[in-house]
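With the structure open in your viewer, please follow this tour one selection at a time, pausing at each stop before going on to the next.

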Amino acid sequence: MPHRNTQSVPSYKIPVGISACLLGDNVRFNGGHSQSQLCMKTFANYFDYVKFCPEVAAGFPTPRPSMRLTGDPDDPVLRFTNDPTSELTEQFTQGYQNKVENCGELDGYILMKNSPSCGLERIKIYQENGHPHQTRGRGLFTKALMEKYPLLPVEEEGRLNDVHLCENFIMRVFAHYHFRNEVLAQPTYANLLKYHSSYKYLLMAHSQQAYKSLGKRLATAANEPLDELLVEYQTTFMKAIEHPAKRGSHCNVLLHILGYLKKTVPGEERQDIADVIEQYQRGEVNLTTPVTLLHHYIKRDGSDYIRAQRYLEPYPAALGLRNHV
């Protein structure tokens, strides 16, 4: 798993929402918490957490009876598990509505798993006979959050123990942060082009189709309405990087970047780099090995354009995320 490293901590912290129980707040139904060492230690130097518990915001006590979703999987009702006649949905919804409306300045959200309020997926929805539907759903707060902000990187804390999902989530958080601060904060066509240029090869690693289509789209969009273009671009970009990139796609990008050293690095040294890329392709080394080697030569002999590629360091290297993928 990623490790905590206090070196190379950035001067800024990214605003990320988080379920309050994951930070150790005693807000769970049993009066306890679900403190996450991953969130508290590994990511704390990089994220400015905005904690929230929708149950507490709705006025439910701690401790309290457990809750579950029942009825129609497309429009479930929240009830106390021990009282099938209770109807808690309206009170619960009113508790989080204001919070959802004010999440526009966040760049990610980390949620508590298996929760009828905050669960991201596979949440049981019960029939009136007490048996769960085959169809699973999302927690009510999470559903509202993702409907309001469909491009916001969202993940369950439990799923972040998967190294590939974790690396992808952190990358998306930084990409979202950079777009919001480098493009949306000062919306110009030039700033959009600069952002796209810096993320070109990261985009290629995730989706050849999006890489090609966005490149063509921006080439002819200089005189189009900027607001519409920004929405179209961010939607396509964030959807394209939604899932972890494949090993073969990474190798393709690494070889493309290696090509920029053709005129400045001797052939024997370039072959050594290519050999390490092949080792990664075979699963003999992790991704950080060819990236670190390539990055060394890029910093020494690469052009300004290729040095600016965020694929080489999409988040602080001190997080150690590529040591495991």
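The tour below visits salt bridges and then two pockets.

Before selecting anything, keep in mind that this is a predicted model.

**Stop one: a network of charged side chains**

Begin by selecting E121, R122, E155, E156 and R159, which are linked in a network of salt bridges. Within this group, turn to R122 and E121, whose salt bridge has its closest N and O atoms 2.1 Å apart. R122 counts as partly exposed, with a relative accessibility of 47%, and E121 is likewise partly exposed, at a relative accessible area of 28%.

Keep E121 selected and look across to R159, which also forms a salt bridge with E121, here with the closest N and O atoms 3.0 Å apart. R159 sits in the loop between β7 (154-156) and α5 (163-184), while E121 sits in the loop between β5 (109-111) and β6 (125-126), so this pair ties together parts that are 38 residues apart in sequence. R159 is partly exposed too, at 23% relative accessibility.

**Stop two: another pair**

Next select R300 and D301, whose side chains meet in a salt bridge with an N to O distance of 2.6 Å. R300 counts as partly exposed, its relative accessibility being 46%. If you wish to go on looking for such pairs, the count for the model comes to 16 salt bridges.

**Stop three: the largest pocket**

Now leave the salt bridges and move to the largest pocket, which has a volume of about 470 Å³. To find its centre, select R28, M67, N114, S115 and P116, which are the closest to it of the 25 residues that line this pocket. Two elements, α2 (54-57) and β3 (67-70), give two or more residues to the lining, and β3 gives the most, with 3 residues. Colouring the lining of the largest pocket by class would show 14 nonpolar, 5 polar and 6 charged residues.

**Stop four: the second largest pocket**

Finish at the second largest pocket, with a volume of about 340 Å³. Of the 18 residues that line this pocket, M146, V154, R172, E242 and H243 are the closest to its centre, and they make a suitable selection here. Which elements give two or more residues to the lining of the second largest pocket? They are β7, α5 and α9 (226-240), with the largest share, 3 residues, coming from α5. By class, the lining of the second largest pocket has 9 nonpolar, 2 polar and 7 charged residues.

Notes: Residues numbered from 1 in each chain as written. Predicted model: local features only at pLDDT ≥ 70, side-chain atom pairs only at ≥ 80, totals over all residues. Heavy atoms only, no water. Salt bridge = Lys/Arg side-chain N within 4 Å of Asp/Glu carboxyl O. Buried < 20%, exposed > 50% of the residue type's maximum accessible area, 1.4 Å probe, protein only. Helix = DSSP H or I, 4+ residues; strand = E, 2+ residues; numbered from the N terminus. 1 Å grid on protein atoms, 1.4 Å probe; cavity = no way out; pocket = protein on both sides within 12 Å on 5 of 7 lines; lining within 4 Å. Points joined across faces, edges and corners; volume = space filled by probe spheres on them. Nonpolar A, V, L, I, M, F, W, Y, C, P; charged D, E, K, R; others polar.
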